[in-house]
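Take a moment to look over the sequence and the 3D picture, then follow along. We'll go chain by chain and stop at a few spots.

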Amino acid sequence: MFARGLKRKSPEDGEDMEGGLAGARATPSYSLQRQSLLDMSLVKLQLCHMLVEPNLCRSVLIANTVRQIQEEMSQDGTWRVVAPQAAGRAPLDRLVSTDILCRSVREQEGERPAPDVGDGHTADLVPGLAVVPSAQALRSPQSSLWEVDSSRENRGGFQKSLDQIFETLENKTSGSVEELFADVDSSYYDLDAVLTGMVGSTPSAHANRCLHPASPAASLVG
Amino acid sequence: LNPIIQTRKIIYLSEIWLVVIFQQEQENKIQSHSRGEYNVYSTFQSHEPEFDYLKSLEIEEKINKIRWLPQKNAAQFLLSTNDKTIKLWKISERDKRPEGYNLKEEDGRYRDPTTVTTLRVPVFRPMDLMVEASPRRIFANAHTYHINSISINSDYETYLSADDLRINLWHLEITDRSFNIVDIKPANMEELTEVITAAEFHPNSCNTFVYSSSKGTIRLCDMRASALCDRHSKLFEEPEDPSNRSFFSEIISSISDVKFSHSGRYMMTRDYLSVKIWDLNMENRPVETYQVHEYLRSKLCSLYENDCIFDKFECCWNGSDSVVMTGSYNNFFRMFDRNTKRDITLEASRENNKPRTVLKPRKVCASGKRKKDEISVDSLDFNKKILHTAWHPKENIIAVATTNNLYIFQDKVN
């Protein structure tokens with residue numbers, strides 16, 4: 001039931017959880033797993049928005065998670081431009097066990113990577129998803145850009161299903177997480193909002209009670 | 001399955017989205033050792049699948065919530081809602097029918113008036129009990145987003161319905177108008193970071209309601225303060241524990257259910273890993289916190305990957321507000337006694353429990369050596385989740401819903 005790659009904990013590992021990590025866990029694995037989490041989240045978001053009526057709560061929670069990761073990566077200095085023609089195949093265990101990310105900050109203190117350590121490695125693992133972080137999400141002035149993947153070859157390690165997703169999303173130009181939302185909203189909600197008489201979208205516009213006219217047919221039945 | 005209990009009746013929704021009402025049999029005086037069993041009382045389909053022509057999408061008949069209305073006369077009423085439309089249903093019994101009409105035959109055909117020579121008074125004669133469910137009101141077209149909650153006011157005249165971004169107030173008699181009382185939609189949808197996850201009216205104060213959010217906050221609003229309750233009267237939020245912070249902190253803080261105690265003095269919230277009891281007079285932290293399945297904290301990433309982290313568990317109080325209950329995975333459900341501080345884990349499954357036997361407590365082994373009869377975390381079945389539980393308002397009878405079955409448990413009668 002658990003994701004592939006989740007290691008069964010030996011008793012020693014279990015006890016180690018609280019007391020800090022064994023020196024055996026290399027620091028670049030944190031970057032790797034954080035990257036994996038980011039990619040997983042972006043895929044989830046794209047899948048969310050492929051539905052005509054996405055689950056808004058889920059989309060919001062995933063988008064917020066993406067923002068948090070982006071913020072942390074920008075603080076680390078690992079958030080930067082990546083060349084689209086990244087060479088080499090992504091390792092097969094791309095979506096590795098990311099249990100390391102489940103541990104608290106306290107436990108991770110000893111193993112947070114210094115900026116730029118092992119990041120040449122990270123560059124190879126970019127899936128080529130187009131994400132333009134908004135000014136809000138990034139505090140650092142650099143605006144990193146992940147190009148839309150024009151060549152599919154460098155996603156070697158991904159499963160077939162992910163390839164198919166990317167193919168269907170080829171024409172999507174949406175960039176930032178926020179734009180993903182905006183797309184959904186404008187095409188999906190506004191017409192309905194007009195029809196139900198909700199004027200404007202600011203709470204202050206609802207100074208008076210809003211009346212929602214229903215269709216005349218929907219009244220007493222039975 | 002989504003069971004709700006009201007006195008003698010339980011309703012649940014099957015996977016093909018029927019409303020099924022169970023009724024407890026009258027206690028068998030001869031066999032005093034057993035309480036009445038619950039048998040099917042009525043079955044009906046609440047919502048039809050609809051097609052939205054403007055958006056070219058089908059609105060499922062999947063029911064999100066059902067709520068009984070307090071019973072005022074012989075008939076029962078309940079509200080059921082799918083993503084967009086709320087319906088009021090009347091459930092009535094018919095156990096007699098009129099016979100002996102002068103102008104009609106028994107089969108309904110009209111008699112030739114010239115053949116009528118005497119007059120008689122029609123009388124009611126008993127018949128086999130027939131239970132009818134009829135839709136009395138349809139409350140439609142007031143929600144752009146998906147409805148997640150409905151709650152009946154203590155005035156028994158109004159109710160609220162909540163979707164991801166708005167809460168509307170309805171009068172049970174009026175279907176063509178509703179009042180918007182909460183609107184958290186940002187001017188720019190790109191700025192959306194928080195949604196409404198649940199809402200409930202206070203059980204005694206008809207002006208007061210609460211709504212919970214995906215960021216783990218609860219807002220208490222008073223409808224007398226203003227027409228649009230955008231400013232809360234109280235904001236309940238527990239400060240985050242910095243030592244427990246991870247990328248999943250926000251997701252697991254999202255509240256999936258909020259329920260007032262029967263007394264109205266407390267409210268309970270359910271987030272992914274815990275149940276919290278709040279005193280309405282204290283906003284900065286809950287008065288009690290119960291861990292439902294803390295052993296999942298180290299598995300959050302896997303649970304995020306398989307989407308289990310988005311599961312929405314409900315919770316409920318017993319009639320005296322002394323025990324709270326909620327579901328978990330592997331068909332486990334948990335009860336917490338607020339007075340003794342003891343808790344118990346039970347399992348709703350046919351394989352492990354024969355009918356009419358006492359449930360055996362279960363235990364999950366989080367780490368270290370697994371004792372006999374314990375289950376290790378890695379063996380838990382995450383497809384078997386108990387999202388819905390309900391407790392009889394007066395007796396120790398509970399309804400627990402697994403994916404395909406409804407279980408009813410009651411206190412052992414001595």
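To know how long a helix ought to be, take 1.5 Å times one less than its number of residues: that is its expected span. Helices (H or I, at least four residues) and strands (E, at least two) are DSSP runs, numbered from the N terminus. What you're looking at is a predicted model, where local features need pLDDT of at least 70, side-chain atom pairs count only at pLDDT 80 or more, and totals for chains, interfaces and linings use all residues. Residues are numbered from 1 along each chain as its sequence is written, chains are lettered from A and ligands numbered from 1 in the order in which they are written, and side-chain values use heavy atoms, with hydrogens and water left out.

Let's start with chain A. It has 8 helices and 0 strands, so its pattern along the sequence reads α-α-α-α-α-α-α-α, going by how helices and strands are assigned. Of its 222 residues, 51% count as buried, meaning under 20% relative accessible area (exposed is over 50%, partly exposed in between, with a 1.4 Å probe and protein chains only). Contact means heavy atoms within 4.5 Å. Among chain A's contacts with a separation of 6 or more, 76% are between residues 24 or more positions apart.

Now zoom in on helix 3 of chain A, residues 56-76. Its 21 residues should span 30 Å at 1.5 Å a residue, and its end C-alpha atoms are indeed 30 Å apart. Of those 21 residues, 19 are buried, so helix 3 of chain A is largely enclosed by the rest of the structure. Check its two ends as well. At the start, a side-chain oxygen of A:Asn55 reaches to within 3.2 Å of the backbone nitrogen of A:Cys57. After helix 3 of chain A comes A:Gly77, with a positive phi near 85 degrees.

What does helix 3 of chain A pack against at an angle of about 145 degrees? The partner is helix 2 of chain A (residues 28-50), and the two axes are 9 Å apart. Axes here are lines fitted to C-alpha atoms, for helices over the stretch in contact, and angles run from 0 to 180 degrees between N-to-C directions. The crossing is left-handed, which means the near helix is turned anticlockwise from the far one by less than a right angle (clockwise would be right-handed). Residues that meet here include A:Leu38, A:Leu42 and A:Leu45 from helix 2 of chain A, and A:Ile62, A:Val66 and A:Ile69 from helix 3 of chain A. Helix 2 of chain A is mostly covered too, with 18 of its 23 residues buried.

Chain B comes to 2 helices and 31 strands. It has 414 residues, and 56% of them count as buried. For contacts with a separation of 6 or more, residues 24 or more positions apart account for 51% in chain B.

Try finding B:Ile91, in strand 9 (residues 86-99) of chain B. Is B:Ile91 buried or exposed? It counts as buried, because its relative accessibility is 1%. B:Phe77 sits 14 residues away in sequence, yet the C-alpha atoms of B:Ile91 and B:Phe77 are 6.0 Å apart. Leaving aside neighbours within four places in sequence, B:Ile91 is in contact with residues including B:Ile21, B:Tyr41, B:Phe44 and B:Val131.

Finish at B:Asn148, in the loop between strand 10 (123-139) and strand 11 (149-152) of chain B. B:Asn148 is buried, at 15% relative accessible area.

Notes. A polar contact is a pair of N or O atoms within 3.5 Å; within protein, one must be able to donate a hydrogen and the other to accept it, and residues adjacent in sequence count only if both atoms are side-chain atoms.
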